[in-house]
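Please look at how two chains of this model meet, beginning with the surface they share and ending with the symmetry that relates them.

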4 protein chains.
Amino acid sequence: MTQRKTAPDSSRRSQTSRRAILTSAFDLVAESGYGKLSIEAIAARAGVGKQTIYRWWPSKGAVLLDALLMLSEGQDEQLMALPDTGDLEADLKLVLHATVAELNDPRYAEPMRALTSELMHDPALAADYVERLDRPMQELKKDRLRSAQRAGQLAADLDLDVAVDLLFGPPLKRWLMHGGPLTDEYADAVVETALAGLRG
Amino acid sequence: MTQRKTAPDSSRRSQTSRRAILTSAFDLVAESGYGKLSIEAIAARAGVGKQTIYRWWPSKGAVLLDALLMLSEGQDEQLMALPDTGDLEADLKLVLHATVAELNDPRYAEPMRALTSELMHDPALAADYVERLDRPMQELKKDRLRSAQRAGQLAADLDLDVAVDLLFGPPLKRWLMHGGPLTDEYADAVVETALAGLRG
Amino acid sequence: MTQRKTAPDSSRRSQTSRRAILTSAFDLVAESGYGKLSIEAIAARAGVGKQTIYRWWPSKGAVLLDALLMLSEGQDEQLMALPDTGDLEADLKLVLHATVAELNDPRYAEPMRALTSELMHDPALAADYVERLDRPMQELKKDRLRSAQRAGQLAADLDLDVAVDLLFGPPLKRWLMHGGPLTDEYADAVVETALAGLRG
Amino acid sequence: MTQRKTAPDSSRRSQTSRRAILTSAFDLVAESGYGKLSIEAIAARAGVGKQTIYRWWPSKGAVLLDALLMLSEGQDEQLMALPDTGDLEADLKLVLHATVAELNDPRYAEPMRALTSELMHDPALAADYVERLDRPMQELKKDRLRSAQRAGQLAADLDLDVAVDLLFGPPLKRWLMHGGPLTDEYADAVVETALAGLRG
DNA sequence: GGATAACCGAGACGGTACGTCCGGTCTTACC
DNA sequence: GGTAAGACCGGACGTACCGTCTCGGTTATCC
């Protein structure tokens, strides 16, 4: 079940309130951490009644998801594609550097962490997340790999989903588990090793 | 600062209560999910005063971590090593199958999910987790890879930490993000692709 | 500072809950004694959230005071006067008998004891008690004495506050200190002695 | 049932601890009020195990009673008598002034208030209080009145218990109920009015 | 003079209640 | 009908004490 509740966006809905709620949620979690993120706090900071939140979102995780989506609302229509200079390794390193930078920037990492933590206990929200954020990203990445595959730079029988996971799973593991520093050097090592294979 | 509070295990401490608390926590979360896991519920089910929990653990995440550690208390001394038949690919597939099975078994997945969600918001707990659960596991895995490296089955200059992440990061990503089915076939694909490299 | 918190009685306030809380408090203390009177117990018996009590009263003593005041809410407007048959001694004995009866009736004595005990440690509550219960009573008593004074039955220069204390202080002392039986005969002796003076 | 538990004073009992407990209790309540008086606080301040308190006293009220009794341990044997100059009115005013001063001195009033509040809910303690503090005082006062009665200064058929209550009940009422200032002038008025009678 | 038993400080234990915070529902009064 | 405001019931939080219960470590009699 996807977040139908979010969609209707009745014409009577106050866009002012919607934006105030989303930015309040995002800012609250970025400033004070997940612990301070409560529906009451969001409503208070947004100058909004609690009911206005409950009417349009099923959980604070859903608010958070919308808040993150709002950030990329500018480049909406024409979803930006990943860089394709022909040099696959360089392009991938560039993308992973960006990913690493985002995960290390508290401003984005904290809301992301909060959302991820909600995803783990809310399958409906997780499905929504996959559909609206994760899958589009995954497709973009697969597009770049497909281009390389067509150019003969990747194995012809390569499963692109696995390939994307091989590149982006390792940084995610470090980020989640705090299992070591999350640096550009690490990202480079991941790209090089994934491309060449463990056997070298 | 690691969870020193957990360690001292004063001689006055009631081992009966400790065990009751840990099994209660584990069972509660396995049966009813993370939402039902409250300190009050743990104390009630364990037949213990709340203070006895607060006295020895700083958060319910710390209780959960100890609960998971208790499960592997039997094989403490002789830390089991990973299988080493000489056939690296087969051994790794075996291990990843076990990992996948664990992540798919609600009995273990639910407590793990709960703990992971706590880790994300509690750096001290995360450090403790890394030290007491993650690093030992990581070392075991590196040991197996090192053995293969010595046998010439892996690149001589391979960074083993990166290698382990390349193998275990992808399933973790799927598990966390619900970004696709987590099957033995997927595990096999990950092992094969990681060993051969994306270039094939 | 008087108990302004109690007064506003915002139009949004639930009168149902208010009454349930006051009767629950009164009944609980009457049935089970002061020891069993906790905010939690009141809330539970009244079927009310604890916050609803904390929102409107600053302490359980304040609840108790309101509960006692609620009992005399019927005869609000026309504050009943003390009997005035012209026979001062008989009238006073009647009133003291009533006082003694009330102090001996567990149903009223227990809540009164509980309230008195709270008064002793809470000056704000004590001020409120004086203003809303004690002073009105005191005035009623002084009115009756004033009437007798005008009829020449009492000394012209008599301080009526002292006079009231002389009549009602002794039973209070016995009640508080358990310093002897609190009977109608005692009340009669107090009235007679006070009127005639120790010198006789 | 009287406080037998207090009496045995086994020869093995530590007098150091006993005194530390009593002075700690007295000082705690005098300094921080009744609210801060807990068995734990007494034990901590006295540098004593909680069990040592529970072993010798049945409640904190009992500790308080002993603490107050300890203060008058000096003049033990020869219980001081009330002043008897022959001038009854002057003597009584002197005694009531002393009473008023004590009730107005926070150092004594606070422990007294605390004890009184305990008495109200603990009949056994109340009985003990009457026997060990109240009755002896009452007898002293009656002795002085008896002397006056013999001298013909008081009615021959006067009930001395009632007489004492008539004199000491009114200040007690004011003290308890905060129903007006408790001054020497008030004490004088009580003595004069009680002696002369309300009729003048 | 060595056993032994009561007392001691300390503090963990199972509990109860505290006063606060927030979840999610409902009502009221605008607009 | 959407909204800001906020009262309401419920329930968990983390803390403070309750009274009971060991645990070692002194005493301080009694054999």
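Two residues are in contact when heavy atoms of theirs lie within 4.5 Å. The model is a predicted one, in which local features need pLDDT of at least 70 and side-chain atom pairs count only at pLDDT 80 or more, while totals for chains, interfaces and linings use all residues. Residues are numbered from 1 along each chain as its sequence is written, chains are lettered from A and ligands numbered from 1 in the order in which they are written, and side-chain values use heavy atoms, with hydrogens and water left out.

In this model, 45 residues of chain D are in contact with 45 residues of chain C. Together the two chains bury about 4,300 Å², of which 70% is on carbon and sulfur atoms; buried area here is the accessible area (1.4 Å probe) that two parts lose on being put together, summed over both.

Between chain D and chain C there are 6 salt bridges, each defined as a side-chain nitrogen of Lys or Arg within 4 Å of a carboxyl oxygen of Asp or Glu. One of them joins the side chains of D165(D) and R174(C), at 3.3 Å from N to O.

What relates chain D to chain C? A rotation of 179° with 0.0 Å of shift along its axis superposes chain D on chain C with an RMSD of 0.2 Å, the fit being made by least squares on the C-alpha atoms of residues with pLDDT of at least 70 in both. This is the relation of a two-fold axis. In chain D, the C-alpha nearest the axis belongs to G197(D), 1.7 Å from it. The same surface serves both copies, since 98% of the contact residues of chain D recur in chain C.
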